[in-house]
Amino acid sequence: MGTERFTPGNIIVTGGCGFIGSNFVRWVAKNHPQTHVTVLDALTYAGNVANIVGLPKSQVEFIHGNICDSDLLDRIVPGHDAIVNYAAESHNDNSIADPEPFIQSNIVGTYRLLEAARKYDLHYHQISTDEVYGDLALDDPGRFTPQSPYRPSSPYSASKASADMLVRAWHRTYGLKTTISNCSNNYGPYQHVEKFIPRQITNILDGIRPKLYGDGLNVRDWIHTEDHSSAVWAILTEGRIGETYLIGANGERSNLDVLRDILRMMGQPEDAFDWVRDRPGHDRRYAIDPTRLETELGWKPQHTDFESGLKQTIKWYTDNEGWWRPAKAATEAKYKEQGQ
Ligand code: NAD
Ligand code: DAU
């Protein structure tokens, strides 16, 4: 590992009650107990305080609020040394049905946080996505690199690409100490049941047939959310200011293969699912080249066996019905309306 040059003492984690943000908060609580974390979260349909329950109150403080609220930011930001921005509307299908909240939270929200970081001289780390690079053909030998052109396809990915551009501009124009990470598809516990893997697991638990979009051959590059958290910490503490790091764990798989794995692991026939309407503008394939992260910062994923991570994830949803049950019926009703 390179020399650690930023030791965060008191950070704000926005969106820390969502899937990946809460994993990061739990990961920091476990691995860096000297770092205080203020979680700022608006508790949208995707946020759940239960995700950070049980963490030491002396280390993790929760504030209910919106990242677009600059008065609130003026009250809470002073005294902190970094903002790590996970807060966002995160689901592509929702962005196609109604883009407005994506423009507000993902673009305006990022702008307000950047201004607060500038005013109070904080480090700023933006959690972004590989989707800003658009998609690759199934037979393309290439993967996304920090030099790949921005080519977002959906309202969600366009809003994330816009936010990245703001972050770059605030670094270049105002000298703000920024870093950006663009990560591939995360899986693991606490992911909302609207997303692919939890949706299929909880469908099977409920006796509903899983739903596969299009021809099922779209490829996603899966990474366990704990590996995303360790990478973000490495970038926050050792990454070069103004730079972009791509986070991925060599986890390319077609949706059809992932679904067959889930069905087999849950004791179902491999064809016990329904083909449904494709997502408009559906990206074909994502693939990350994580060389910069590995060579500059010495980062390596720990969860390299996807099948075993998937098994643990299935067990978590089986054991934690109380966590996902409240969101399930409304999520499926929304999908039914969309023909998915
Ligand atoms: P999520 O939808 O599970 O959680 C988002 C959280 O942000 C929720 O707790 C929500 O309440 C909060 N939030 C939303 N708008 C807010 C606002 N205006 N103010 C304050 N809080 C707000 O999302 P996730 O899957 O955990 O994704 C987190 C971040 O990681 C997002 O920025 C997403 O773009 C990015 N990302 C996700 C993935 C993935 O595979 N899920 C991969 C790469 C990057
Ligand atoms: O690549 C990173 C991105 O990964 C993040 O930026 C997003 O926040 C995150 O939601 C995720 O986006 P995807 O659109 O790839 O994830 P989703 O879980 O919605 O879908 C994964 C794949 O599975 C995608 O090809 C669509 C397909 N799918 C999805 C659902 C919900 C199905 O075939 N059936 C389904 O029921």
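## Around ligand 2

Which residues come nearest to ligand 2, and how many residues are around it? There are 25 residues around ligand 2, and T129, D130, Y156, R279 and H282 come nearest. Before we go further, please keep in mind that this is a predicted model. By class, the 25 residues of this shell divide into seven nonpolar, 10 polar and eight charged ones. If you would like to place some of them along the chain, look at α6 and β8 (211-213), each of which supplies at least two residues of the shell.

Now zoom in on single atoms of ligand 2. In the side chain of Y156, an N or O atom is 2.6 Å from an oxygen atom of the ligand. R279 offers a polar side-chain atom that lies 2.6 Å from an oxygen atom of ligand 2, and for N255 a polar side-chain atom lies 2.9 Å from an oxygen atom of ligand 2. How much of ligand 2 does the protein cover? On its own, this ligand has 690 Å² of accessible area, and the protein covers 95% of that.

## Around ligand 1

Let us turn to ligand 1, which is surrounded by 28 residues. The closest are I20, D41, S90, Y156 and K160. You have met one of these already: Y156 is also among the residues that come nearest to ligand 2. The shell around ligand 1 has 13 nonpolar, 13 polar and two charged residues. Three elements, α1 (19-31), β5 (123-129) and α5 (155-174), each supply at least two residues of this shell. The largest share, three residues, comes from β5.

Here, too, single atoms are worth a look. A polar side-chain atom of Y156 lies 2.6 Å from an oxygen atom of ligand 1. N66 takes part through its side chain, where an N or O atom is 2.9 Å from a nitrogen atom of ligand 1. With F19 the backbone is involved: one of its polar backbone atoms is 3.1 Å from an oxygen atom of ligand 1. The protein covers 97% of the 830 Å² of accessible area that ligand 1 has on its own.

## Helix α6 and the loop before it

Is α6 mostly covered or mostly open? It is mostly covered, with nine of its 10 residues buried. These buried residues are F196, I197, P198, R199, Q200, I201, T202, N203 and I204. They pack against β7, β8, α8 (255-265), α10 (306-319) and α11 (321-337). Just after the helix, G207 takes a positive phi of about 75 degrees.

Now step back to the loop between β7 (186-187) and α6 (196-205), where you will find E194. Why does E194 count as buried? Its relative accessible area is 4%, so it falls under the 20% cut-off for buried residues. The side chain of E194 is joined to that of N94 by a polar contact of 3.3 Å. Leaving out residues up to four places away in sequence, E194 touches Y45, S90, H91, N94, R199, T331 and Y335. One of these, R199, is a buried residue of α6, and S90 is among the residues closest to ligand 1.

## Two residues with positive phi

Y190 also lies in the loop between β7 and α6. Although Y190 is not a glycine, it has a positive phi of about 70 degrees. Its relative accessibility is 19%, so Y190 counts as buried.

N250 is another residue that is not a glycine and has a positive phi, here of about 55 degrees. You can find N250 in the loop between β11 (244-247) and β12 (252-254). With a relative accessible area of 52%, N250 is exposed.

## The nonpolar cores

Which residues have the most contacts inside the largest nonpolar core? They are F24, V25, V37, I247 and L293, in a core of 32 residues. Several elements each supply at least two residues of this core: β1 (10-14), α1, β2 (36-41), β4 (82-85), α7 (225-238), β11 and α9 (291-297). The largest share, six residues, comes from α7.

Take I247 as an example. Apart from neighbours within four places in sequence, I247 is in contact with residues including I223, H228, A231, V232, I235, I288, L293 and W299. Another core, of 25 residues, lies apart from the largest one, and I197, L256, F273 and W324 are among its members. I197 takes us back to α6, where it is one of the buried residues.

Methods
Residues numbered from 1 in each chain as written. Chains lettered and ligands numbered in written order. Predicted model: local features only at pLDDT ≥ 70, side-chain atom pairs only at ≥ 80, totals over all residues. Heavy atoms only, no water. Helix = DSSP H or I, 4+ residues; strand = E, 2+ residues; numbered from the N terminus. Buried < 20%, exposed > 50% of the residue type's maximum accessible area, 1.4 Å probe, protein only. Polar contact = N/O pair within 3.5 Å; in protein donor to acceptor, adjacent residues only side chain to side chain. Contact = heavy atoms within 4.5 Å. Near = heavy atom within 4 Å. Areas by Shrake-Rupley, 256 points an atom, 1.4 Å probe, with all protein chains shown as cover. Nonpolar A, V, L, I, M, F, W, Y, C, P; charged D, E, K, R; others polar. Core = buried A, V, L, I, M, F, W, Y, C linked by side-chain atoms within 4.5 Å.
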